[in-house]
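Visitor: Hi! I'm new to reading protein structures. Could you walk me through this one?
Guide: Happy to. Let's put it up and take it piece by piece.

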Amino acid sequence: MLEETFVAPTPKQAFVLAKQKYGEFGSLKLKKARQIMNKDGDLVSEITVEIDEDSYLRSIGMQLREKKQDLPDDKHNSVAKKVGELFADRGIKREWIDFILKEVSGTSIAKDEKLLIAYMLETIDDSIKIKKENLLEPKIVMLLGATGVGKTTTIAKLAARYKYATKKSLDVAIINLDTFRAGAYQQLDSFANLLGMEHRFVKSIDEFCDTLNDLAHYPVILIDTAGISPYDSNKLIETIEFVKSVKDRNIEKSLVLSAASKYDDMMDIYEHFSFIDIDSLILTKFDETRRVGDLIAFLMDKKRPVAYISTGQQVPDDLLPASREKLLDYFVGELNV
Ligand SMILES: Nc1nc2c(ncn2[C@@H]2O[C@H](COP(=O)(O)OP(=O)(O)OP(=O)(O)O)[C@@H](O)[C@H]2O)c(=O)[nH]1
Ligand SMILES: [Mg+2]
C-alpha cells in the first residue's frame, strides 16, 4: 500500500482531489484527516489516503503486468540499487531515496526499473511547489538574492510581462534599492526608459516609505535590491531593514537563485535570507546548466513555491512561468532514461 497526502480548504475538497487523481482507478481508503495552518495563517484540511498498488500504477499510465512476479530477492535489490544510484548521482539525497525504496520494497514497482523511475519522478513532482502566475493581480514584488544571479534582468523581464503580456496591461513602477553597486542605477534606468516605466532610485528607509506612498496608484511595483553574498552581513542587515520598514503594504519577497548552483550553496543562501520570509523563488540560468539535481533536491527540502524560470539573458523573452513539467523535464533529460 502507498500513501499520499492532499490539502484543500475542507476535508471533502481534499478527498475530491484524491478521487480526481486515483478514484477512477479503484477504491481509496482515508487513513488520516487533520487541520493544519498554511503559510498564510489559514486553517486548511490535510487528508492522507491509502492507494493500492494497482490503482497507483494505472494512475501513472503504466500497463499492469503480472502482479508480484516472484523474482528472486537479489534481482529486486539490484533494480533498487541501480535506480537509487541513478538518482543519488544526480544530486538527490540518499535519505529520501532510501525512504522511497523502503516504501515500495516488496511491490512490483521495486522490481521494474522503468516503473521505479516513474514512481520516484512522480513523488518528486508531488513535492515541488509552484506559484501560479497572475498577471492581473496588483502586487508589490521584491527580488532578493546573491550577486549576479539575474535580479535586475528578471525585474526588467517581469515589468515587460505585466505591461505587455495581457490585454489588461497593468502599469508598472520600479524601485531600485541597490545603493551599493556602481552602475546599478543606469542598468535599471535604461530598461525602464526602454519600457516607458517609472523608475525610482532610493537611498534610505524614509525615502523608500515615501516612494511607496508616492507610487501607490501603480498596481504593480517591482523592487530591485543589491546582490548579497552569504558573507556580506552589512548589506543583508540594510536589506532586512528596508523590508521590515514597510508595515502597511504586503510585499511578496522572491528569492532569485541560479539553477546552476550547488545544493550546499543554495541552502547557505536560503538560510542567509531566512530573516526575510521568502514567499517564492525565481530560478535563473537554466540555459547554463544540464545538471539540475541539486536544485531539485533543494526544492524538495525547502518546499518554497517556484514562480518563474529564466532561460537566458534576453529581455523579455527568456522568462517562463514555473511549472512542474518544465522542472522535471530538465531533470529527466539529465537522467538519460
Ligand atoms: N545565461 C543567463 N544569463 C543571465 C540570466 N539572467 C541574467 N543573466 C545575466 O547575468 C548577468 C547578471 O545579471 P543581473 O540581472 O545584473 O544580475 P543581478 O542579480 O541584478 O546582479 P547584482 O545586482 O550585481 O547582484 C547579466 O549578464 C545577465 O544578462 C539567465 O537566465 N541566463
Ligand atoms: Mg542587479
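Visitor: How many helices and strands does the chain have?
Guide: There are twelve helices and eleven strands in the chain. Keep in mind that this is a predicted model.

Visitor: Got it. What size of box do the C-alpha atoms fill?
Guide: Taken along the principal axes, the box is roughly 70 × 40 × 35 Å.

Visitor: And how much of the chain is buried?
Guide: The chain has 337 residues, and 31% of them count as buried. As for contacts with a separation of 6 or more, 74% join residues that are 24 or more positions apart.

Visitor: Okay, let's look at a sheet. What's the strand order in the one with β1, β2 and β3?
Guide: The order is β1-β3-β2, in an open sheet with antiparallel pairing. β1 (2–8) and β2 (29–37) are at the edges with a single partner strand each, so one side of each has no neighbour in the sheet. From one strand to the next, the twist averages 20°.

Visitor: What actually holds strands together in a sheet?
Guide: Strands pair through backbone hydrogen bonds, and the pairing can be parallel or antiparallel.

Visitor: So how many bridges link β2 and β3?
Guide: Eight bridges, in the antiparallel sense, with β3 covering residues 43–51. If you want a spot to find on screen, arginine 34 stands opposite glutamate 46 in β3.

Visitor: Which helix lies across those strands?
Guide: That's α1, residues 11–22. Helix α1 lies across β1, β2 and β3, and runs at about 35° to β3.

Visitor: New topic: β10. Is β10 mostly covered or uncovered?
Guide: Mostly covered. Strand β10 spans residues 306–310, and five of its five residues are buried.

Visitor: Which strands pair with β10?
Guide: One is β9, residues 280–284, which pairs with β10 in the parallel sense over three bridges. Another is β11, residues 319–321, where the pairing with β10 is antiparallel, again over three bridges.

Visitor: Can you give me residues to click on?
Guide: Sure! Leucine 283 has isoleucine 309 in β10 as its bridge partner. For the β11 side, try serine 310, whose bridge partner is leucine 319.

Visitor: What sort of unit do β9, α11 and β10 make?
Guide: A right-handed β-α-β unit, with helix α11 covering residues 293–302.

Visitor: Now helices packing on helices. At what angle do α5 and α12 pack?
Guide: About 140°, with their axes 10 Å apart. Helix α5 is residues 113–127 and helix α12 is residues 324–335.

Visitor: 140° sounds nearly antiparallel to me. Why are they called oblique?
Guide: Good instinct, but an angle has to be over 145 degrees to count as roughly antiparallel, so α5 and α12 are oblique to each other. Their crossing is right-handed.

Visitor: Which residues meet there?
Guide: From α5 you have Leu121, Ile124 and Asp125, and they meet Arg324, Leu328 and Val332 in α12.

Visitor: Last one: how do α8 and α9 pack?
Guide: Helix α8 (residues 205–214) and helix α9 (residues 233–245) pack at about 40°, with axes 10 Å apart. They are therefore oblique to each other as well, and the crossing of α8 and α9 is right-handed. The residues making the contact are Ile205, Phe208 and Cys209 of α8, together with Glu241, Phe242 and Ser245 of α9.

Technical notes:
Residues are numbered from 1 along each chain as its sequence is written. Chains are lettered from A and ligands numbered from 1 in the order in which they are written. This is a predicted model: local features need pLDDT of at least 70, side-chain atom pairs count only at pLDDT 80 or more; totals for chains, interfaces and linings use all residues. A residue is buried if 20 or more other C-beta atoms lie within 10 Å of its own, exposed if 12 or fewer, and partly exposed in between; C-beta atoms are placed from the backbone. Helices (H or I, at least four residues) and strands (E, at least two) are DSSP runs, numbered from the N terminus. Two strands pair if DSSP finds at least two bridges between them. A crossover is right-handed if, with the strands pointing away from the viewer, the path from the first strand over the helix to the second runs clockwise. Axes are lines fitted to C-alpha atoms, for helices over the stretch in contact, and angles run from 0 to 180 degrees between N-to-C directions. Angles under 35 degrees count as roughly parallel, over 145 as roughly antiparallel, 65 to 115 as roughly perpendicular and the rest as oblique. A crossing is left-handed if the near helix is turned anticlockwise from the far one by less than a right angle, and right-handed if clockwise. Two residues are in contact if their C-beta atoms, placed from the backbone, lie within 7 Å.
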